[in-house]
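Welcome to this short tour. Please open your viewer, bring up the model, and follow the stops below.

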Amino acid sequence: MSILSQFTINDYSGYTFLAIIISLILTGTGLIVAFSHFFAKYILIALIDKIFDRKENDFSQSFYKKQLLYRLAYLVPAFILHNFSDKFNFRSQHLNLLLADLVTEVTNIYIIIGIAFVISAFLNCIDERYNKHSIAKSKPIKSYLQVIKIILAIITCILVASILFHQSPMYFFTGVGATTAFLALIFKDSVMGFIASIQIAAYDMVRLGDWIEMPTYGIDGDVMEISLNNIKVQNFDKSIITIPSYALLTSGLKNWRGMYESGGRRVKRSIFIDMHSIKLCDDYLLTQLKEFDTRIEMSLAQTNLGLYRVYLDTYLKQHTHVHQNMKIIVRHLAGTTSGLPLELYFFTKETASEKHEAVQAEIIEYAYAILSRFDLSVFQNGDQAR
């Protein structure tokens with residue numbers, strides 16, 4: 001039906017009358033929209049705030065933070081205009097101004113889009129509340145919520161198109177089915193990311209806060225975010241790297257979570273002993289060592305290196321910061337042109353990098369410092385320190 005009919009263009013008074021009518025309609029509509037929005041946003045929401053006591057209710061705080069209630073407030077004027085859309089048909093001697101259908105279509109489109117934004121805000125609230133629970137680190141749901149948002153956007157576009165082109169929504173759903181391959185190509189990363197998210201969650205590969213290493217992508221830091229398409233990692237140099245979710249399945253990944261959960265962090269260091277300083281123990285050396293530490297059992301080894309090795313093993317097993325329920329090994333490896341490697345293999349109780357490095361440094365420094373007590377020297381190029 002034509003919006004404007006039975007109007008004579010040459011009639012100057014008709015133009016004036018039309019301008020007055022349109023001005024009145026626009027003014028009245030603007031006042032209705034402004035008042036209803038003001039009422040919903042500043043009176044109704046304030047009342048809800050008082051009833052639910054936002055300061056005491058965490059879920060209510062999420063509603064405000066994600067603007068859920070404010071988005072609902074924007075829908076109130078649209079519902080009012082939709083219910084009174086028949087009032088926008090004006091008939092007179094000069095013209096018939098038929099705006100009811102147009103107002104209905106515009107408000108319907110606005111309501112559909114507005115509801116989509118409200119649902120999206122509600123999903124954001126769910127994600128925020130869920131992330132406050134401990135299970136969120138091992139089972140993040142952000143990727144699944146993003147899939148729901150994509151489906152919501154597709155449905156919204158179809159409903160809006162059905163209104164604009166006056167077609168049944170099923171007509172467009174059928175078209176979507178026929179273009180599935182095309183959509184799969186467009187959303188390839190999202191589809192692969194969704195599948196990867198399911199596998200990551202099922203096999204518990206990565207959690208929020210995990211320290212991971214991926215040399216292929218230059219990653220060495222903590223996982224900040226796991227979404228549908230991307231994994232965001234902050235390296236220890238404070239740089240942020242974002243990679244596709246499916247890269248975790250196709251590239252080498254080292255997760256240090258097991259180290260934190262075990263309560264022990266490994267140290268594997270070697271001291272290169274100058275082979276020329278290794279010798280059999282004599283009475284003079286044994287007497288000196290006995291004066292140095294009465295706990296040294298002279299019968300355990302026949303060489304100064306053997307005594308040194310046994311001493312370090314005892315030292316580690318008595319150290320308060322060494323994890324005694326994990327492996328403690330002091331052994332020498334195959335000799336090289338750089339000397340005989342004496343390897344210290346143990347775990348500290350400290351998993352945090354700063355404390356772990358401090359304990360490791362203390363032990364290694366002590367191991368170097370007492371070398372001379374056993375009449376041993378560390379291998380160095382050039383002059384030998386003996």
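Two strands count as paired if DSSP finds at least two bridges between them. Helices (H or I, at least four residues) and strands (E, at least two) are DSSP runs, numbered from the N terminus. This is a predicted model, in which local features need pLDDT of at least 70 and side-chain atom pairs count only at pLDDT 80 or more, while totals for chains, interfaces and linings use all residues. Residues are numbered from 1 along each chain as its sequence is written, and side-chain values use heavy atoms, with hydrogens and water left out.

**Stop 1: the whole chain**

Start by showing the full protein chain, which has 15 helices and 11 strands. Of its 386 residues, 36% are buried (under 20% relative accessible area, with a 1.4 Å probe and protein chains only). The chain exposes about 22900 Å², and 61% of that comes from carbon and sulfur atoms; these areas come from the Shrake-Rupley method with a 1.4 Å probe. Now think about contacts, meaning heavy atoms within 4.5 Å. Among those between residues at least 6 apart in sequence, 62% join residues at least 24 apart.

**Stop 2: two hairpins**

Next, select residues 211-214, strand β4, together with residues 219-226, strand β5: the two pair in the antiparallel sense over four bridges. Zoom in on M214, whose bridge partner in β5 is I219. β4 and β5 form a hairpin with four residues between them, and G218 in the turn has a positive phi of about 70°.

Keep β5 on screen and add residues 230-235, strand β6; five bridges join this antiparallel pair. Which residue of β6 is the bridge partner of I226? Look for I231. β5 and β6 also form a hairpin, with three residues between them.

**Stop 3: a three-stranded sheet**

Now move on to an open sheet of three strands in the order β9-β11-β10, with antiparallel pairing. Colour its edge strands, β9 (265-273) and β10 (329-332), each of which pairs on one side only. From one strand to the next, the twist averages 15°.

Add residues 340-348 to see strand β11, joined to β9 by nine bridges in an antiparallel run. Here F272 has P341 in β11 as its bridge partner.

**Stop 4: the helix across the sheet**

Finally, select residues 353-369. This is helix α15, which lies across β9 and β11 and runs at about 25° to β9. For such angles, axes are lines fitted to C-alpha atoms, for helices over the stretch in contact, and the angles run from 0 to 180 degrees between N-to-C directions.

Terms used:
Buried means under 20% relative accessible area, exposed over 50%, partly exposed in between (1.4 Å probe, protein chains only).
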